[in-house]
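Q: I'm new to this one and would like a close look at a single part of it. Could you pick a helix and walk me through it, with some of the surroundings for context?

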Amino acid sequence: MGGLHDIQGITAAMLVFDMKRAAKIAGELQGRETYISNIARLPEAVRKGHAKVAEATAKVVTAAKAGEEQDLAAALAGVMQACNACHYNVRDAGRRKKMK
């Protein structure tokens, strides 16, 4: 839920061209995802997924700090793709099988 809240906050900041706020939120998300990716007791697939989100979020931070709206939008899409890929392949795989 925290990641969704951060994505929403970054989007809202983008809409009013508050790049400082977008960079701040993205930096917090990146830090949290990096932290989670290093928790040894989590399954490797989960840690790798969070590492990919952290990597994608670094691009959001860079774009926001540069004030590049188009780059920020593309980088934020990359974060959402990284989140969705892991949720699709790891978290929700069992639920999808039950739906068939």
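A: A quick word on terms before we start: two residues are in contact, or touch, when they have heavy atoms within 4.5 Å of each other. Also keep in mind that this is a predicted model.

Let's settle on helix H3, and begin with the chain around it. The secondary structure amounts to five helices and zero strands, so to speak an α-α-α-α-α pattern when you read along the sequence. The C-alpha trace spans about 45 × 30 × 20 Å along its principal axes. There are 100 residues in the chain, and 32% of them count as buried. If you take the contacts between residues at least 6 apart in sequence, 56% join residues at least 24 apart.

Now for H3 itself. This helix covers residues 44-66, which makes 23 residues. From first C-alpha to last it reaches 34 Å, close to the 33 Å expected at 1.5 Å a residue. Just after H3 comes Gly-67, with a positive phi near 75°.

Which residues of H3 are buried? They are Gly-49, Val-53, Ala-54, Ala-56, Thr-57, Val-60, Val-61, Ala-63 and Ala-64. As background, an α-helix has 3.6 residues a turn, so residues three or four places apart point the same way.

Let's zoom in on one of them, Thr-57, which lies in H3. Buried means under 20% relative accessible area, and Thr-57 counts as buried because its relative accessibility is 1%. What does Thr-57 touch, leaving aside residues up to four places away in sequence? The answer is Ala-26, Leu-29, Gln-30 and Val-79.

For another helix to set beside it, try H1, residues 2-15. Its 14 residues should span 20 Å at 1.5 Å a residue, and the end C-alpha atoms are indeed 20 Å apart. Buried in H1 are Asp-6, Ile-7, Gly-9, Ile-10, Ala-13 and Met-14. Looking down the axis of H1, you find these buried residues within an arc of 160°, so they line one face of the helix. The face turned away from that buried side carries the exposed residues Leu-4, His-5, Gln-8 and Leu-15. H1 is followed by Phe-17, where phi is positive, near 50°.

Finally, the outside of the chain. About 6,700 Å² is exposed, with carbon and sulfur atoms supplying 57% of it. The chain has 16 positive and 10 negative charges, and their mean positions are 11 Å apart.

Terms used
Residues are numbered from 1 along each chain as its sequence is written. This is a predicted model: local features need pLDDT of at least 70, side-chain atom pairs count only at pLDDT 80 or more; totals for chains, interfaces and linings use all residues. Side-chain values use heavy atoms; hydrogens and water are left out. Helices (H or I, at least four residues) and strands (E, at least two) are DSSP runs, numbered from the N terminus. The expected span of a helix is 1.5 Å times one less than its number of residues. Buried means under 20% relative accessible area, exposed over 50%, partly exposed in between (1.4 Å probe, protein chains only). The arc is that of the directions from the helix axis to the C-beta atoms. Accessible areas come from the Shrake-Rupley method with a 1.4 Å probe; for residues, only the protein chains shown count as cover. Lys and Arg count as positive and Asp and Glu as negative; His and the chain ends are not counted. The place of a charge is taken as NZ of Lys, CZ of Arg, CG of Asp or CD of Glu.
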